[in-house]
Amino acid sequence: MSRQQELRTNLANLREEIEAACEVARRDPATITLIAVTKNFPASDIRYLYEFGVSEFGESRVQELAMKFDEIDDVAPTWHYLGRVQSNKIKDIARIADVVHSIDSLNQIEKFERSGQELGRTQNLLIQVNLDPDYPNQRGGVCPDDIEGLSGAIHARSNTNLGGLMFIASPKESPQVAFEKFQEVLEDFRLNHPQAFIASAGMSTDFREAIAIGATHLRIGSKLLGNRSV
């Protein structure tokens with residue numbers, strides 16, 4: 001089977017599973033956005049998936065994001081930056097990424113605002129929520145008590161837009177328990193910020209649980225592209 005055929009088959013199977021999970025959760029599959037996480041996969045895979053109707057792609061390394069952006073500059077997918085934000089990389093992220101999923105500090109917001117002014121574009125920012133019992137940890141994110149402060153800071157600036165929340169389930173808990181905790185945070189957040197509708201949650205191993213609690217954006221890597229080479 002060619003790589004193109006493999007990706008087409010994987011995508012068809014994944015879409016069926018998403019539809020089945022939506023049926024169980026009594027949700028419309030049209031409310032789910034699939035983000036193909038292409039870390040360590042070639043730009044040719046992005047071209048194939050784009051041809052098959054996938055329009056949103058995620059990367060967690062700035063150098064790889066920039067390389068693929070330049071390599072496929074003849075198509076225009078939506079780019080999501082998923083990795084931890086390093087202050088010295090914010091200009092590069094702002095130049096390419098349409099959505100940044102991993103905001104967890106006021107300093108990051110200020111730097112995206114300045115970069116947005118220089119580039120003449122508005123950056124869509126998601127606040128990363130950390131519900132790990134050992135918070136803080138290496139994966140970043142903020143505790144729920146810090147969400148409103150960062151939300152206000154994003155709203156107060158002219159070149160940043162509050163898109164919603166991002167969550168990574170803790171490996172120390174079952175996905176169901178982890179996402180139920182996130183659902184409580186998400187419901188409170190949406191009461192205060194109804195226009196910030198994005199709930200970025202769920203990956204290859206736990207997207208069904210994420211759909212059940214209201215996730216809008218799934219970050220899918222291995223389920224779609226296979227095992228990474230690195």
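**Helix packing and pockets in a predicted model**

In this predicted model, helix α6 (residues 147–155) packs against helix α7 (residues 175–192) at an angle of about 35°, with their axes 12 Å apart.

User: What is the hand of the crossing between α6 and α7?

Analyst: The crossing in which α6 passes α7 is right-handed.

User: Which residues meet where α6 and α7 pack?

Analyst: From α6 come Ile147, Glu148 and Ser151, and they meet Val185, Phe189 and Asn192 of α7. Sorted by class, this contact has three nonpolar, two polar and one charged residues. Ile147, Val185 and Phe189 are the nonpolar ones, because Ile, Val and Phe count as nonpolar.

User: Why is α1 called oblique to α2?

Analyst: The angle between α1 and helix α2 (residues 43–51) is about 50°, and their axes lie 10 Å apart. Angles under 35 degrees count as roughly parallel and 65 to 115 as roughly perpendicular, over 145 as roughly antiparallel, and the rest as oblique. The angle of about 50° falls in none of the named ranges, and therefore α1 is oblique to α2.

User: What is the hand of the crossing of α1 and α2, and which residues meet there?

Analyst: The crossing of α1 and α2 is right-handed. Arg3, Gln4 and Leu7 in α1 meet Asp45, Tyr48, Leu49 and Glu51 in α2. The classes in this contact are three nonpolar, one polar and three charged residues.

User: What makes Arg3, Asp45 and Glu51 the charged residues of that contact?

Analyst: Asp, Glu, Lys and Arg count as charged. Arg3 in α1 and both Asp45 and Glu51 in α2 therefore belong to that class.

User: Which elements give two or more residues to the lining of the second largest pocket?

Analyst: The second largest pocket has a volume of about 220 Å³. Its lining consists of Arg15, Ile18, Glu19, Pro29, Ile32, Thr33, Leu34, Gly53, Val54, Ser55 and Glu56. The elements that give two or more of these residues are α1 (3–25) and β1 (33–37). The most comes from α1, with three residues.

User: Why does Gly53 count as polar in that lining?

Analyst: Gly is placed among the polar residues by the classification used here, so Gly53 is counted there. In total, the lining divides into five nonpolar, three polar and three charged residues.

User: What lines the largest pocket, and which residues lie nearest its centre?

Analyst: The largest pocket, with a volume of about 430 Å³, is lined by 18 residues, of which Val37, Leu82, Met203, Arg219 and Arg228 lie nearest its centre. Its lining has five nonpolar, eight polar and five charged residues.

Methods:
Residues numbered from 1 in each chain as written. Predicted model: local features only at pLDDT ≥ 70, side-chain atom pairs only at ≥ 80, totals over all residues. Heavy atoms only, no water. 1 Å grid on protein atoms, 1.4 Å probe; cavity = no way out; pocket = protein on both sides within 12 Å on 5 of 7 lines; lining within 4 Å. Points joined across faces, edges and corners; volume = space filled by probe spheres on them. Helix = DSSP H or I, 4+ residues; strand = E, 2+ residues; numbered from the N terminus. Axes fitted to C-alpha atoms, helices over the stretch in contact; angles between N-to-C directions. Left-handed = near helix turned anticlockwise from the far one by under 90°. Contact = heavy atoms within 4.5 Å.
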